[in-house]
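Welcome, and please open the structure in your viewer. We will take it one selection at a time, with a short note on what is there at each stop.

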Amino acid sequence: MSLETLASEFAGHRSHLIAVAYRLTGSLADAEDAAQEAWLRLSGLSREKSEQIQDLRAWLTTVVGRLCLDRLRSATARRERYVGEWLPEPIVTDLDASIGEDPLDAVVRDDGVRMAAMVLLDRLTPQQRVAFVLHDAFKVSFAEIGEILGCTPQAARQHASRGRRALADAEPPPRASLQEQREVLERFTAAVLSGDLHAVARVLHPDIVLIGDSDGKGRTTRRTMVGADKFLRFFAGLRRMYPPDAFAATRPVLVNGDLGMYLPAQPGGEHYRDVDEHVQAMTVHDGRIVAVYDIVNPDKLRHLPASVTRAGG
């Protein structure tokens, strides 16, 4: 098989590989790197060895699985030094953009990459996450997963089962329709811009969860906040710290396939604090916001499309 033919076949699997790697690591940078490394390993094979591959998709998935397992193990140590809560890197797309050829277009259509679902995956050990995601989401056999994890198929099955049990009691609500999300976000935005705390409260679930991610490089809550009362007090404090018109610059975007908001960085002027760049993912259920994921860490906002940042700025 020629290198040109091999490259063409790899291109057909690239979207799948990025989807696998993102589900496993929660990082776009790691997903892109894993897909690129898989190509380098494939293209580095001799023609004889490449022709011996019976199922190229399965071979590439196994390679990416091993690479992501290594990244998950090293991430455990990095998380211990992380300031505040850690959230997956958001996949942000323009609300008005049409589905195109970008591999991420296919990734975000999967319910499993909703921010709420991705956050739950971080509860698992690296072995549980690899086994659960590869088997349940991508139908990889336990024999292949065992090769990735360096264990027997039976042990791989146990890792997946433990991961499944760990997530069973925390399954996020099903994805609301985009129309319902739009209606809720419009009510929330109007209430925020008016400064009417009672109107804001009506859009929030009583047990709303707010998680911020900054690594100390931006301003957001450092601890998970639960409850509408706490959310409202936090919001009232923000209105005192930032320019009155700061929130008017927000615009709706898709974050991991759900409706969310983009807030560009803005100067605070003489009397207020500067506004950091934010991406906020939201989970909507039964006409209310049940979770907000506020990502401020600039390292996780490097992949925002120009169509979003230009319109937002």
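**First stop: where the two domains meet**

Colour domain 1 and domain 2 separately and look at where they touch: the area buried between them is about 1,100 Å², and carbon and sulfur atoms give 61% of that. Buried area here is the accessible area (1.4 Å probe) that two parts lose on being put together, summed over both. The size of an interface is often given as the accessible area lost when the parts come together.

Now select Y82, V83 and M115 on the domain 1 side; these lose the most area to domain 2, together 50% of what that side buries.

To set the colours, use residues 3-84 + 103-169 for domain 1 and 178-309 for domain 2; such bounds come from an automatic or database domain assignment. The contact takes 14 residues from domain 1 and 16 residues from domain 2, where contact means heavy atoms within 4.5 Å. Taken over C-alpha atoms, the centres of domain 1 and domain 2 are 31 Å apart.

What kinds of polar pairing cross between domain 1 and domain 2? The count is 6 residue pairs in polar contact, both residues at pLDDT 80 or more. A polar contact is a pair of N or O atoms within 3.5 Å; within protein, one must be able to donate a hydrogen and the other to accept it, and residues adjacent in sequence count only if both atoms are side-chain atoms. Salt bridges across this interface number 0; the rule asks for a side-chain nitrogen of Lys or Arg within 4 Å of a carboxyl oxygen of Asp or Glu.

Show the cartoon next. Helix 2 and helix 6 (115-121) are the elements that give two or more residues to the side of domain 1 that touches domain 2. Helix 6 provides the largest share of that side, 4 residues. Helices (H or I, at least four residues) and strands (E, at least two) are DSSP runs, numbered from the N terminus.

**A note on the model**

This is a predicted model, in which local features need pLDDT of at least 70, side-chain atom pairs count only at pLDDT 80 or more, and totals for chains, interfaces and linings use all residues. Residues are numbered from 1 along each chain as its sequence is written, and side-chain values use heavy atoms, with hydrogens and water left out.

**Second stop: the annotated spans**

Select residues 13-76, where UniProt (unreviewed entry) places "domain: RNA polymerase sigma-70 region". This span is 86% helix and 0% strand, and its end C-alpha atoms lie 29 Å apart.

Move on to residues 116-167, which the UniProt record, also an unreviewed entry, annotates as "domain: RNA polymerase sigma factor 70 region 4 type". Residues 116-167 are 79% helix and 0% strand, with end C-alpha atoms 12 Å apart.

Then select residues 186-291, covered by the UniProt annotation "domain: SnoaL-like" (unreviewed entry). Here you will see 28% helix and 33% strand, and end C-alpha atoms 16 Å apart. UniProt positions are given in the numbering used here, feature names are shortened, and annotations may be inferred rather than shown by experiment.

**Third stop: helix 2**

Zoom in on helix 2, residues 28-43, and pick out D30. Is D30 buried or exposed? D30 is buried, with a relative accessible area of 16%; buried means under 20%, exposed over 50%, and partly exposed in between (1.4 Å probe, protein chains only). Leaving aside neighbours within four places in sequence, D30 is in contact with T25, R71 and R78.

Stay in helix 2 and show E37 and R41, which sit 4 residues apart, about one turn of the helix. They form a salt bridge, with the closest N and O atoms 3.1 Å apart. E37 is partly exposed at 26% relative accessibility, and R41 is partly exposed at 41%.

**Last stop: salt bridges between distant parts**

The structure holds 14 salt bridges. Select D213 and K300, whose closest N and O atoms are 2.6 Å apart. D213 lies in strand 2 (residues 204-213) and K300 in the loop between strand 7 (288-295) and helix 13 (306-312), so this pair ties together parts that are 87 residues apart in sequence. D213 is buried at 0% relative accessibility, and K300 is buried at 8%.

Finish with D299 and K217, whose side chains meet in a salt bridge (2.4 Å, N to O). D299 is in the loop between strand 7 and helix 13, and K217 is in the loop between strand 2 and strand 3 (225-226), 82 residues apart. D299 counts as partly exposed at 31% relative accessibility, as does K217 at 41%. Add D215 and R302 to the selection: salt bridges that share partners join D215, K217, D299 and R302 into one network.
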